Amino acid sequence: MKVIPDIMAEINQVMALVDESQLDAAMPYLTKDKRIFVIGAGRSGFQAKGFAMRLMHIGYTDYVMGETITPSIQKGDTWVAVSGSGTTKSIVADTEAAKKLGLNIVAFTSAVDSPLAKLADAVVIVPGATKTGAGVKSIQLLSTLFDQTVHITLDALTLKLAKRDDTSNADALHEHVNVE
């Protein structure tokens with residue numbers, strides 16, 4: 001039984017539905033003069049951490065919520081939340097707190113009408129299937145399709161930021177870990 005062609009077809013279907021203008025609308029909230037805090041739970045959290053690493057590679061000051069070295073958030077910082085369903089209680093509650101403290105909110109979700117999306121200053125809809133059944137249907141388990149496509153979407157945003165900031169691959173490599 002072959003599954004890779006079906007998986008790739010699903011990924012391509014979702015990526016064709018991602019509105020790149022939503023990435024463009026999120027870009028003003030992501031600048032090198034702002035601290036960026038990323039959050040996600042479970043597999044969405046892994047995607048958020050990957051995005052944080054990529055931001056660091058291109059010269060941003062960013063933190064992953066919940067890590068021991070994460071400082072307090074302050075008004076004017078940017079908050080990036082990743083949740084396929086947009087209803088994960090901890091992510092929504094923490095995003096509400098960030099909003100009350102005056103952070104700019106950028107949300108990546110599959111659900112345009114979700115509580116998370118409603119809190120955001122900029123929303124990027126990545127309509128891959130989630131554990132709740134939202135989004136493009138998938139043969140894959142739980143939120144796998146969302147996880148795959150939000151990863152690609154976050155990498156696309158990173159590339160757009162690097163191009164905007166004139167950050168080269170050599171610049172990014174300079175920030176990459178060099179003790180391995």
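This passage looks at how helix H6 packs against two other helices and at the loops on either side of it.

The model is a predicted one, so local features are taken only at pLDDT of at least 70 and side-chain atom pairs only at pLDDT 80 or more, while totals for chains, interfaces and linings use all residues. Residues are numbered from 1 along each chain as its sequence is written, and side-chain values use heavy atoms, with hydrogens and water left out.

H6 covers residues 144–164; helices here are DSSP runs of H or I with at least four residues, strands are E runs of at least two, and both are numbered from the N terminus. With 21 residues, H6 reaches 30 Å from its first C-alpha to its last, close to the 30 Å expected at 1.5 Å a residue (the expected span being 1.5 Å times one less than the number of residues).

One partner is H3, residues 42–57, whose axis sits 10 Å from that of H6 at an angle of about 15°. That makes the pair roughly parallel. Axes are lines fitted to C-alpha atoms, for helices over the stretch in contact, with angles running from 0 to 180 degrees between N-to-C directions; under 35 degrees counts as roughly parallel, over 145 as roughly antiparallel, 65 to 115 as roughly perpendicular and the rest as oblique. The crossing of H3 and H6 is right-handed, meaning that the near helix is turned clockwise from the far one by less than a right angle (anticlockwise would be left-handed). On the H3 side the contact (heavy atoms within 4.5 Å) takes in Arg43, Ser44, Gln47, Phe51, Arg54 and Leu55, and the H6 residues they meet include Phe146, Val150, Leu154 and Leu161. By class, this contact has seven nonpolar, five polar and four charged residues, where Ala, Val, Leu, Ile, Met, Phe, Trp, Tyr, Cys and Pro count as nonpolar, Asp, Glu, Lys and Arg as charged, and the others, Gly among them, as polar.

H3 itself has 16 residues and reaches 23 Å end to end, C-alpha to C-alpha, close to the 22 Å expected. Its buried residues (under 20% relative accessible area; exposed is over 50% and partly exposed in between, with a 1.4 Å probe and protein chains only) include Ala48, Phe51, Ala52 and Leu55. The buried set packs against strands E1, E2 and E3 as well as H6 and H7. Just after H3, Gly59 takes a positive phi of about 95°.

The other partner is H1 (residues 4–17), packed on H6 at about 55° with the axes 10 Å apart. H1 and H6 are therefore oblique to each other, and this crossing is right-handed. Here Ile7, Glu10, Ile11, Val14 and Met15 of H1 meet Leu145, Gln148, Thr149, Ile152 and Thr153 of H6. This contact has six nonpolar, three polar and one charged residues.

Now for the loops. Most residues other than glycine have a negative phi. Leu142, in the loop between E5 and H6, has a positive phi near 45° and is exposed at 64% relative accessible area. Just after H6, Asp166 takes a positive phi of about 60°; Asp166 lies in the loop between H6 and H7 and is exposed at 67%.

Lys137 is also placed in the loop between E5 and H6 and is exposed, at 61%. Beyond neighbours within four places in sequence, Lys137 is in contact with Glu10, Ala129 and Leu145.
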